[in-house]
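Colleague: Could you take me closely through one helix of this model, its course and what it packs against?

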Amino acid sequence: MDASLEKIADPMLAEMGKNLKEAMKMLEDSQRRTEEENGKKLVSGDIPGPLQGSGQDMVSILQLVQNLMHGDEDEEPQSPRIQNIGEQGHMALLGHSLGAYISTLDKEKLRKLTTRILSDTTLWLCRIFRYENGCAYFHEEEREGLAKICRLAIHSRYEDFVVDGFNVLYNKKPVIYLSAAARPGLGQYLCNQLGLPFPCLCRVPCNTMFGSQHQMDVAFLEKLIKDDVERGRLPLLLVANAGTAAVGHTDKIGRLKELCEQYGIWLHVEGVNLATLALGYVSSSVLAATKCDSMTMTPGPWLGLPAVPAVTLYKHDDPALTLVAGLTSNKPADKLRALPLWLSLQYLGLDGIVERIKHACQLSQRLQESLKKVNYIKILVEDELSSPVVVFRFFQELPGSDPVFKAVPAPNMTPSAVGRERHSCDALNRWLGEQLKQLVPASGLTVMDLEADGTCVRFSPLMTAA
């Protein structure tokens, strides 16, 4: 790589690439050195002191960073090590250094370059994930895109909002619909960001009688919408899941889209299954997401890229409203947020991107097929053959008697016996999950508690591609 860096005419750019490579090598090599010097105590440089008058060289400063990152490893052998992020990770990290360097260009050059970076990245993402003619908003906090989309929906539906502000909302309260399976804290975050009272949120229950207990109940949602319209409220936005945070189930997005069109509601989709839109075969339920008004994606975890932003793709025709909502910006620094992704997508190429997502999905399918052959293992996402998330739990049935650790208690059992049995089974699954995590640390397995099913183990390789 050093030889190829010499071909770059701009000495500053070549130097930056070289410095980053050296700095990363130094930090990654430090793991080996820490192991060799395991018996030694922390060097005095780790103790905070006054700022040195003469200044320090780059190596000394990196040495301090390294000590702060790895200093307590001999005390806590279980602490997670820094990943060796490889060259593709260096591309993403270089984007941050490069962004700062580019921002020193003169205004006209800066405007042209940032516009190009933003338009390229937007076009590539829309093509990869089948979202035609979309716009893109890049953001560090994963939920921020949805908050801006809500703001856009408010500006679109309340014509006088710019002038009259909360008065128009007070007279006709907006309603944001969230699935009961939505990730925790999302509704609260939206209300805090938008300055809306909590009654503006409506939790839509999931199906329990028919279909998945993690899928939004469409018939019940329609009833809620009709009730809100009758009470003089304005159904504003619905957040649907293409892969719920817990078990990776996909809502009936096609039916939800029809319902939203009928009542003029903005449809936003999020979830790990959106990654599968890049593949040749996509399940029809996830494919329906390409017709929604907006979707939030997290290419960083999916592709194993550190420090790249999340992306919200959306469709809207009014540039004045997207500017007011904060989805578009004239500031070059905002456009430069796309730079780490712009570099990384080119480095991986279309084949590399598809291959990574495909590999994660195949890992899940192989695990699912293997688990089906094991007695006493219950898979929770069996109906979704193409789901890249596998959630399972152990339960045991003894021959010739009532099942012992089973999902549904026998009708003749007392509530206390049911409680004890469930507690035992949960403890066993927690132990199973922890053992598997220790045996295969790179698998990214998580242990989680589900209300209906108890303690389960989740395997979601797309979220641990690194």
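Modeller: In this predicted model, helix H16 spans only 43 Å between its end C-alpha atoms, whereas a straight helix of 34 residues would span 50 Å at 1.5 Å a residue. Along H16, which covers residues 339-372, there is a kink of about 90°, and Gly349 is at its centre. As for its packing, the axis of H16 comes within 10 Å of the axis of helix H5, residues 107-128, and the two cross at roughly 35°, in a left-handed sense. On the H16 side the contact is made by Leu339, Leu341, Trp342, Leu345, Gln346, Leu350 and Ile353, which meet Ile117, Asp120, Thr121, Trp124, Leu125 and Ile128 of H5. Sorted by character, the residues of this contact comprise 10 nonpolar, 2 polar and 1 charged.

Turning from packing to charge, a search of the whole structure gives 17 salt bridges, and one salt bridge joins the side chains of Glu222 and Lys226, at 4.0 Å from N to O. Glu222 and Lys226 are separated by about one helical turn because they lie 4 residues apart in helix H10, residues 218-230.

Methods
Residues numbered from 1 in each chain as written. Predicted model: local features only at pLDDT ≥ 70, side-chain atom pairs only at ≥ 80, totals over all residues. Heavy atoms only, no water. Axes fitted to C-alpha atoms, helices over the stretch in contact; angles between N-to-C directions. Left-handed = near helix turned anticlockwise from the far one by under 90°. Contact = heavy atoms within 4.5 Å. Nonpolar A, V, L, I, M, F, W, Y, C, P; charged D, E, K, R; others polar. Expected span 1.5 Å × (residues − 1). Bend = angle between axes of the 7 residues up to and from the residue.
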